[in-house]
Amino acid sequence: MKAFITVCPATDIPEGQRAVFSIKDRWIAIFCVSGRYYAIEDVCTHDGNTLTEDLKGNEMPLEGYEIACSRHGARFDIRTGKVMKAPALIDVPWFETRLEDGYIEVAI
Ligand code: FES
């Protein structure tokens with residue numbers, strides 16, 4: 001059963017930024033875009049690469065609401081986890097978020 005877990009103060013992820021957290025043995029990336037928070041698993045469903053960084057540790061940019069995997073170019077929508085471009089064929093897990101008393105919570 002999913003339950004909301006408090007992750008961090010909202011001020012830790014300013015507009016246009018993201019942060020990655022280890023929650024229940026999963027790497028969860030939380031993005032702040034246009035004042036809303038979006039959470040996806042930070043693992044590409046094609047071959048397990050992180051989505052938020054390239055192999056050198058450089059941050060992968062968001063393009064609108066899409067993030068591209070640095071290895072083979074699969075793209076995902078952070079609002080839904082949906083695959084937007086192959087070679088990935090499976091959506092990345094997406095998690096509901098909410099703001100409670102200034103803290104970001106994620107349902108996992
Ligand atoms: S590991 Fe992400 S596209 Fe291949």
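Two strands count as paired here if DSSP finds at least two bridges between them. I start there since the talk is mostly about strands. The model is a predicted one.

One such pair is strand β6, residues 66–68, with strand β7, residues 75–77; they run antiparallel over 3 bridges. Within that pair, Ile67 stands opposite Phe76 of β7. Both strands belong to an open sheet of 4 strands, ordered β5-β6-β7-β8, with antiparallel pairing. At its edges are β5, residues 62–63, and β8, residues 83–85, each of which pairs on one side only.

Let me step back to the whole chain. It has 11 strands and 0 helices. Read from the N terminus, then, every element is a β. The C-alpha trace spans about 40 × 30 × 20 Å along its principal axes. How does the radius of gyration agree with that of a compact globule? For 108 residues, a compact globule would have a value near 13 Å, and the chain has 13 Å, so the two agree. Buried residues make up 25% of the 108. Of the contacts with a separation of 6 or more, 39% are between residues 24 or more positions apart.

Now the other open sheet. It also has 4 strands, in the order β2-β3-β4-β9, and the pairing is antiparallel. Its edge strands are β2 and β9, the latter at residues 94–95, and each pairs on one side only.

Going along that sheet, β2, residues 18–23, pairs with β3 in the antiparallel sense over 6 bridges. Val20 has Ala29 in β3 as its bridge partner. The two strands make a hairpin with 2 residues between them, and Lys24 in the turn has a positive phi of about 50°.

The next step is from β3 to β4, again antiparallel, with 6 bridges. This is a hairpin as well, with 2 residues between the strands; here Ser34 is the turn residue with a positive phi of about 50°. Two bridge partners are worth naming: Ile30 is matched with Ala39 in β4, and Cys32 with Tyr37 in β4.

Those names lead to the core. The largest nonpolar core has 21 residues, and the ones with the most contacts inside it are Ala29, Ile30, Ala39, Ile40, Phe76 and Val106. The elements giving two or more residues to this core are β3 (26–33), β4 (36–41) and β11 (103–107). As background, nonpolar side chains in soluble globular proteins tend to be buried together.

Take Ile30 from that list. Leaving out residues up to four places away in sequence, Ile30 touches Val7, Ile13, Arg18, Ala19, Phe21, Tyr37, Ala39, Thr97, Ile104 and Val106.

Last, the cysteine in the same stretch. Cys32 lies in strand β3. Is Cys32 buried, exposed or partly exposed? Cys32 has 19 other C-beta atoms within 10 Å, and a residue needs 20 or more to be called buried, so Cys32 is classed as partly exposed. With residues up to four places away in sequence set aside, Cys32 touches Ile13, Pro14, Glu15, Gly16, Gln17 and Tyr37. As for Gly16, it is 16 residues from Cys32 along the chain, yet their C-alpha atoms are separated by 5.4 Å.

To recap, there is one open sheet ordered β5-β6-β7-β8, another ordered β2-β3-β4-β9, and a largest nonpolar core of 21 residues.

Definitions and conventions. Residues are numbered from 1 along each chain as its sequence is written. This is a predicted model: local features need pLDDT of at least 70, side-chain atom pairs count only at pLDDT 80 or more; totals for chains, interfaces and linings use all residues. A nonpolar core is a set of buried Ala, Val, Leu, Ile, Met, Phe, Trp, Tyr and Cys residues joined through C-beta atoms within 7 Å. A residue is buried if 20 or more other C-beta atoms lie within 10 Å of its own, exposed if 12 or fewer, and partly exposed in between; C-beta atoms are placed from the backbone. Two residues are in contact if their C-beta atoms, placed from the backbone, lie within 7 Å. The radius of gyration is taken over C-alpha atoms; the globule rule is 2.2 Å times the number of residues to the power 0.38.
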